[in-house]
Amino acid sequence: QVAGSRPSRAAPASRCAVSPANNSPRTCPADEAVRRIPSKMLSSEPFDGESSSGSAASCVTVRILRTDEQMSLMMQRFTAYVIQVSDFGRTNEVSHRYGDFEALHRSLLTECPGVRLPPMPPKGVDGTDVAVIKSRKGELEKMLQSMLANPEVLLEKSLHLWKFLDLPNPTVIATRFVSVPRSRASTFRTLGKLVEPKYKDDVFRLGHPAVVELLAEGLRELRQGDPAGGHWVQQQAGRTTLCQLLGGALASSETARSRLLESDVVAHLLALVERDEAALDDARVALNVIVAREADRLDVIISAFLRRGGLSQLAVLVQRERCQEFVAKLLWLSWESSVRTQFAAAGGQGLRILQALLRSTTPTCGLLGAVLLAGLVASGDFDNEPSHRVEAIRLVRESLSHPDAASDPQFAKTLCGANSALVRLAGLLDDAELAPLVLGLLCIAKPQPAKLSRISGNLAAIVSDKGGVSHSEDTKARAAELLLHVQSAVVDAPSSASAGGGGGG
């Protein structure tokens with residue numbers, strides 16, 4: 001199992017026993033190699049030998065920076081070799097004397113019979129001699145690099161090399177996953193633990209390019225691969241584990257997110273749901289990270305997805321009741337011009353998707369569908385065809401005439417949670433025909449006053465008939481009700497503060 005702490009360190013000649021970070025068998029009938037094929041499905045092919053799309057050298061690197069002369073407990077001089085260790089991009093330093101290297105070399109030859117390692121540099125007479133140190137420095141560095149490139153050393157159960165470099169078990173697991181294909185199926189399961197809250201300081205490793213590449217490969221395999229093909233991701237709970245790891249990678253860094261978005265991660269995740277709608281909960285884990293971390297440019301991401309065939313995917317998903325609300329939420333959160341215009345074509349897939357949402361048996365889904373359609377009306381997408389505008393407003397009115405489901409707190413959070421969503425709502429209020437319908441929805445939803453206050457200027461303009469638009473008394477009353485809702489929170493705040501801060505006087 002992944003352990004959050006580093007393997008315990010002791011003198012290399014007498015290591016403390018620790019549980020191995022992975023119990024994978026050392027041999028297997030065949031390994032798998034992955035060939036990079038841009039924009040196509042990555043397929044697994046059997047091969048002989050150790051090959052991988054990544055290597056330990058790309059994840060963990062070592063370099064002997066310098067040497068320090070130190071004194072032992074018995075007041076004897078010795079040379080310490082200071083090693084810079086890069087752990088998936090984060091660096092640390094450890095120092096060892098020649099005898100430590102010698103003990104590591106001997107332990108690995110004992111634990112891994114038949115392993116081929118460079119020989120130790122000669123011991124020499126004086127370990128503090130400048131010429132001896134210079135010669136040893138290069139040879140010892142090459143020896144460590146050779147060890148990191150050796151699958152048997154990476155899988156060695158006593159973790160001699162990992163303890164020598166003072167690397168934690170999450171590094172062990174992630175490196176084995178990247179660098180040793182034959183252990184990938186088992187290390188994949190263990191790697192899934194990195195998304196648990198207690199490993200929050202270790203999850204950065206999921207954002208490393210070598211890990212991201214493999215996760216993207218696994219996603220493509222789940223989408224189009226053969227479940228019986230023997231790929232490492234095709235195992236019990238493989239889809240769940242992969243989506244969790246993708247969520248961790250997406251959250252780890254902007255660079256990792258960009259790499260995955262370039263690999264069309266949105267389309268691949270939704271394709272899993274196309275194949276099996278039960279995958280929605282798994283896919284949502286990763287998609288929610290994209291929505292949260294890329295809120296400011298979500299419309300750009302979804303627009304690109306739609307242009308690459310995403311409309312067809314959504315047209316399939318929206319026919320499934322379980323997926324409808326998810327589709328509606330995703331669209332509302334990205335309902336800017338670049339996305340809207342792809343839904344406005346008369347008789348096109350986009351309008352059929354909105355029509356399916358309006359007809360949904362899930363009440364809140366129908367309400368969101370109406371708000372989406374209202375957005376097309378307010379932005380002028382139907383201005384060239386007045387009959388289309390009339391028909392759209394009729395559909396919006398039918399759906400919003402019974403807004404009781406808007407009282408669901410989750411609906412209010414979706415409707416008004418994002419700042420961009422509030423801007424879109426303000427735009428709907430500027431349309432005289434849409435304003436009373438949207439106000440009725442907001443009066444039922446009762447969004448948090450702090451959120452609603454962002455459009456208080458629009459509400460005040462309706463109450464006072466500013467902006468050159470005349471509103472009915474009923475519409476003004478609804479706007480005034482929402483303004484009172486906002487103002488009541490402002491009035492209550494000082495009162496709460498006074499009550500909470502009471503003291504003797």
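Let me begin with one pair: Asp87 forms a salt bridge with Arg205, and the closest N and O atoms of the two are 2.7 Å apart, where a salt bridge is a side-chain nitrogen of Lys or Arg within 4 Å of a carboxyl oxygen of Asp or Glu. This pair links distant parts of the chain, with Asp87 in strand β4 (residues 77-87) and Arg205 in the loop between α7 (184-191) and α8 (209-224), 118 residues apart. Helices (H or I, at least four residues) and strands (E, at least two) are DSSP runs, numbered from the N terminus.

Before going on, I should say that this is a predicted model, in which local features need pLDDT of at least 70 and side-chain atom pairs count only at pLDDT 80 or more, while totals for chains, interfaces and linings use all residues. Residues are numbered from 1 along each chain as its sequence is written, and side-chain values use heavy atoms, with hydrogens and water left out.

Are Asp87 and Arg205 buried or exposed? Both of them are buried, and here buried means under 20% relative accessible area, exposed over 50%, and partly exposed in between, with a 1.4 Å probe and protein chains only.

How many salt bridges does the structure hold? There are 21, and I will take two further examples.

In one of them, Arg322 pairs with Asp281, the closest N and O atoms being 3.0 Å apart. Arg322 lies in helix α14 (residues 321-333) and Asp281 in helix α12 (residues 280-293), so this salt bridge ties together parts that are 41 residues apart in sequence. Arg322 is partly exposed, at a relative accessible area of 39%, and Asp281 is partly exposed too, at 43%.

In the other, the side chains of Arg389 and Glu433 meet at 2.9 Å, N to O. Because Arg389 belongs to helix α18 (residues 386-400) and Glu433 to the loop between α20 (419-429) and α21 (435-445), the pair ties together parts that are 44 residues apart in sequence. Arg389 is buried, with a relative accessible area of 19%, whereas Glu433 is partly exposed, with 39%. Elsewhere, salt bridges that share partners join Arg66, Asp68 and Glu93 into one network.

Finally, let me turn to helix α11. Nine of the 11 residues of this helix (residues 265-275) are buried, so α11 is largely enclosed by the rest of the structure. Among the buried ones are Val265, His268 and Leu272. What do the buried residues of α11 pack against? They pack against α8, α9 (238-252), α10 (254-262), α12, α13 (298-317) and α14, where contact means heavy atoms within 4.5 Å.
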